[in-house]
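Work through the exercises below with the structure open, and attempt each task before reading its solution.

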Amino acid sequence: MSTKELKKGYTTGVFTFLAFKSALEAFLVTNSTAISKTNKNDNDDLDVTKGCEIVVTICENKEELHLNNTYHNPHILENNSNKVFIYAGLGVGVVTKKGLKVPPDFPAINPKPMEAIQEVFNSLTNNYTNLNVYCSVSVTNGAEISKKTANAKVGVIGGISILGTKGIVKPVSSAAYIDSVETEINFAHSNAYNLLVFTLGNSAFGIAKKKYDEAQIIEVANFVYDSIQIAQKTKVKNILFLCGIGKMTKVYQGFKNTHNRFGSIDFIQLQKEIYEELNYTVDIESTKTVKGITIELEKVSKKLVNDFYKMIARKANEQIKIWFDDINVNAIILEQNEVY
């Protein structure tokens, strides 16, 4: 059976760089306001910015620009006596808190895209002197798009961030989501949270919000291993990991990513270990889900269910310790608004 080749794409930073180059070239030729628009191409990654319209405006007067109304300073790029002042336009966020790659009160445009913009500014203005221009980077409907991200949580207000490190978004890697997780971990760690709470699923997130600050809660989706690895590199010392019994079973069986495409639970192994530890034989032929096993055990006794949860949680913690022996992770199963 043949498989469809998945589409690669480019980050918002790449498209911003291309739009900036086009607008600056037009401005230098016409000596009048130039607007360049481009759409971020579609790809097979999980990214809410797919297809978004990025708009770069370059002009002589700041008053011509339509800006994010959150107070901010511009990024200022210089080439000899030439300067460009880059502002957050409508739909591009402004950083308001410490702990991100961009300092507070500046447009949420990451360093790598800014480096690329600096290079093209240098090359196109080398033959000019005393050139001062104003630029806005905007994203159409960016404020609405940002509501699907963690931007507000980490203090990016009024729009999306212009991201990018290497430029290419690889399909299925879900690079955009992992970048978001990394941003949230760095932000929480920079703001002196001694404990980070990783949640997998809406129920776990809802329970976590009742006890912890939202800034220290990271929704890691299926990226269990990747998220803990990022935390380890960031020197985080303590993690509380909350998820349901099914996903936790995958973790204890060694799944670094709990999405179904990475494989299914080994129920033969699970049956064997339930028998060895709980002295009970599960009918896996009729019980083909972990939830189904829970229902079967509940018919016997509540204690048996509790012992099952504790077994899975213990084994998951043991597996995480094998992966990461220098970070304290406490994996806890959340089931029906109870924790085990």
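**Exercise 1.** In this predicted model, determine which strands helix 1 lies across, and at about what angle helix 1 runs to strand 3.

Solution. Begin with helix 1, which spans residues 12–30, and follow it across the sheet: it lies across strand 2, strand 3, strand 5 (82–88) and strand 8 (132–139). Then compare directions, and helix 1 is found to run at about 35° to strand 3. A further helix can be treated likewise, since helix 2 (residues 111–125) lies across strand 4 and strand 5, at about 35° to strand 4.

**Exercise 2.** Work out the order of the strands in the sheet, and explain why one side of strand 2 and of strand 4 is left without a neighbour.

Solution. Reading across the open sheet, the five strands come in the order 2-3-8-5-4, with mixed pairing. Strand 2 (34–39) and strand 4 (75–79) stand at the edges and have a single partner strand each, so one side of each lacks a neighbour in the sheet. From one strand to the next, the twist averages 20°. Finally, look at one pair in detail: strand 2 and strand 3 (residues 53–59) run antiparallel and are joined by six bridges, and Ala-34 has Ile-58 in strand 3 as its bridge partner.

**Exercise 3.** Describe how helix 9 and helix 10 cross, and which residues meet.

Solution. First take the axes: those of helix 9 (residues 290–300) and helix 10 (residues 302–323) come within 6 Å and cross at roughly 145°. Next list the contacts, where residues of helix 9 including Ile-293, Leu-297 and Val-300 meet residues of helix 10, among them Leu-304, Val-305 and Phe-308. Sorted by character, the residues of this contact comprise eight nonpolar, one polar and two charged.

How values were computed: Residues are numbered from 1 along each chain as its sequence is written. This is a predicted model: local features need pLDDT of at least 70, side-chain atom pairs count only at pLDDT 80 or more; totals for chains, interfaces and linings use all residues. Side-chain values use heavy atoms; hydrogens and water are left out. Axes are lines fitted to C-alpha atoms, for helices over the stretch in contact, and angles run from 0 to 180 degrees between N-to-C directions. Helices (H or I, at least four residues) and strands (E, at least two) are DSSP runs, numbered from the N terminus. Contact means heavy atoms within 4.5 Å. Ala, Val, Leu, Ile, Met, Phe, Trp, Tyr, Cys and Pro count as nonpolar, Asp, Glu, Lys and Arg as charged, and the others, Gly among them, as polar. Two strands pair if DSSP finds at least two bridges between them.
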